[in-house]
Amino acid sequence: DRRVSVEPLREADDGARAREIAEQGAVLLKNGGGLLPLSPGALHSIAVIGADAPNASTQGGGAARVEPTYTVSPLDAIRARAGGGVRVEWAEGTDPVMPADLLPGPTPIPSSVLTPPGDPSVHGLKAEYWTNPGFEGAPDDVQIDREVAASAGFFSYESVHAGSAPPLSPRYALTKFSARWTGFLTAPATGDYRLTLTSRGRGWVWLDGALVIDHSDEHELATRSATVHLAAGEAHALEVRYSADSPDIGVKVDLGGDVKLGWDMPPGATTPAVRDAASLAARSDVAVVVVRDYGTEERDRPSLALPQAQDELVRAVAAANPRTVVVLTTGQPASMPWLDAVPAVLEAWYAGQEQGNAIARILFGDVNPSGKLPITFPRTLDGTPFGGTPASDGGTVGYAEGVLVGYRWYDASGVDPLLPFGFGLSYTTFRYDGLEVEPGPTARDASGTARGRVSFTVTNTGERAGAEVAQVYVGTCSGAPDDPPKVLAGFAKVELAPGQSARVSADVAPEALSRWDESGHAWQVPACAVPVQVASSSRDVRLVGWLQVSADGSVAPAAAPSGGGCRQGPGGGAALAALLVAWLAARSVRRRRATRPARG
């Protein structure tokens, strides 16, 4: 007899576990000059910057979203951890991230240069909405919108909306409607501005009573632009009208109205909100810039750049304060064009309800970061396997990597990523030595596939306790032209006190030594000697040995091609590393001789 009972959720226990997961998953991407961890005793002031710093960017949108019982924002957590002796101030810098940032075209015209009629102290525009596409009758809703940026399809439902700004009322979701925005635009600098209107349905833009963008023809999602010359400090009357009357709205699944008024500013122009953020950073001991993206199903990101001109914000803050920390709350890679100008970067991901506490505890050294990147961060969109722009307009992107997925493609193509798979820094340092390669506890798994074991010593050579995630990669030798140079075969995490050493073992995963034979419909194990690499990341190889795989599936330690053993002690990796380079070069020549489709 099992009776149903209602009991309070164990919020404290669940929150502690959520925080631990967030802390262990965060990845320290850069820490120049040992800026981190921060010491409250050495600080008088901290500038926390970013429109989403007061919000917990806990998750992606769409089906990835759940409603947490509580959230802790980065701003609140940093204030609490810094204590009463440190002044913590906040500046927005940009507007909050929203689903409309996934629309094509430049960043929306920010609220810091917009004012509604009759109240210059408010930022934004007067917005009027009608539940019909023809502006008929009195508006059904009147409000102040920070920007002309709305996505009224799938993203209008609160259950799937993960933006910081509130979504458009659900009454406009998946239906035809119309809207008008009025107010004033004040340019931050004198020069030529390119105004853009991206819309699904008809749209118009008037500036000082003149129609500058006429997009009144019937169309699906598209962008039109006009260049206007504006003088700094002059307020120009602005009116935008939009009719969500595209035939597909409300007909195709999850499709609703989409509109965004964007701009490209003249070189050197800076918005008032960015200037205010840089000013706060300049008068603070440390600046922490919290940036985010927006990820969901239903729509691809238009680029690797951070939305809402956050890249420009980071540049301005870093120029104002050389002690700048950037905290990424993202679900995917970002291009980070400012990386060389910023001493410290922490990737916190969509870290859940305890996101703020996890970030603060890492920034102040209560937790030593140990996370590693589970994906590769490319330098540019062209430097990716698909080598082009995502199909944010509803088109199709072809994925033709085959087995060369992720880091395998970067290795095989000779493309240098911004940050490699498996990368992650710590507040301490680690040394690897004493490599041994041997058969595992069982020579085969249940299917008969070979398995090996790699053992080595990891030593904490720094002054703080920390954890290292050591990775084991093996080469491949089937002879197929699309063989990746190496594949991840195993990994192990070890926690060490300062000066402590530990012997670490990792089994070589059977699938790392196998290849699917399409004609025979079976896994095959090629017979050859393959290099075994022990690494701190896919591009940071510390130790190299060799593993002999026989045709019958058995495995054994192998001698290096020159006759040297595969064991390696401290400082003994140079010769083996050179042999590995030669081996990879020979495979590269073979690959170039093979017939392969050209890749972008």
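**A walk through two helices and three loops**

H521 is exposed, with a relative accessible area of 61%. Keep in mind as we go that this is a predicted model. H521 sits in the loop that runs between β23 (515-517) and β24 (522-524). Its backbone deserves a look too: phi of H521 is positive, at about 50°, although H521 is not a glycine.

Now compare another loop. M336 lies between β16 (324-329) and β17 (344-347). Here, too, phi is positive in a residue other than glycine, with a value near 50°. Is M336 buried or exposed? Residues under 20% relative accessible area count as buried, and M336 has 3%, so M336 is buried. H521, by contrast, is exposed.

A third loop, the one between β1 (27-31) and β2, holds P37. Find the peptide bond that joins L36 and P37: this bond is cis, with omega at about 0°.

Let us move on to a pair of helices. In general, two packed helices are described by the angle between their axes and the distance between the axes. How do the axes of α3 and α4 cross? Helix α3 covers residues 272-282 and helix α4 covers residues 310-320; their axes come within 8 Å and cross at roughly 30°. Angles under 35 degrees count as roughly parallel, so α3 is roughly parallel to α4. The crossing of these two helices is right-handed.

Which residues make the contact? On the α3 side they are V274, A277, A278, A281 and A282. On the α4 side you will find L313, A316, V317 and A320. Sorted by class, the contact between α3 and α4 has nine nonpolar residues, with no polar and no charged ones.

Stay with α3 for a moment and ask which of its residues are buried. They are A273, V274, A277, A278, L280 and A281. Where do these buried residues lie around the helix? They cover an arc of only 160° around the axis, so they are on the same side of α3.

What, then, covers the buried residues of α3? Helix α4 is part of the answer, and the cover also includes the strands β2 (45-49), β3 (87-91) and β15 (286-292). You have already met β2, at one end of the loop that holds P37. Try tracing α3 once more in the structure, with its buried residues on one side and α4 among the elements that cover them.

How values were computed: Residues numbered from 1 in each chain as written. Predicted model: local features only at pLDDT ≥ 70, side-chain atom pairs only at ≥ 80, totals over all residues. Heavy atoms only, no water. Axes fitted to C-alpha atoms, helices over the stretch in contact; angles between N-to-C directions. Helix = DSSP H or I, 4+ residues; strand = E, 2+ residues; numbered from the N terminus. Parallel < 35°, antiparallel > 145°, perpendicular 65-115°, else oblique. Left-handed = near helix turned anticlockwise from the far one by under 90°. Contact = heavy atoms within 4.5 Å. Nonpolar A, V, L, I, M, F, W, Y, C, P; charged D, E, K, R; others polar. Buried < 20%, exposed > 50% of the residue type's maximum accessible area, 1.4 Å probe, protein only. Arc of directions from axis to C-beta.
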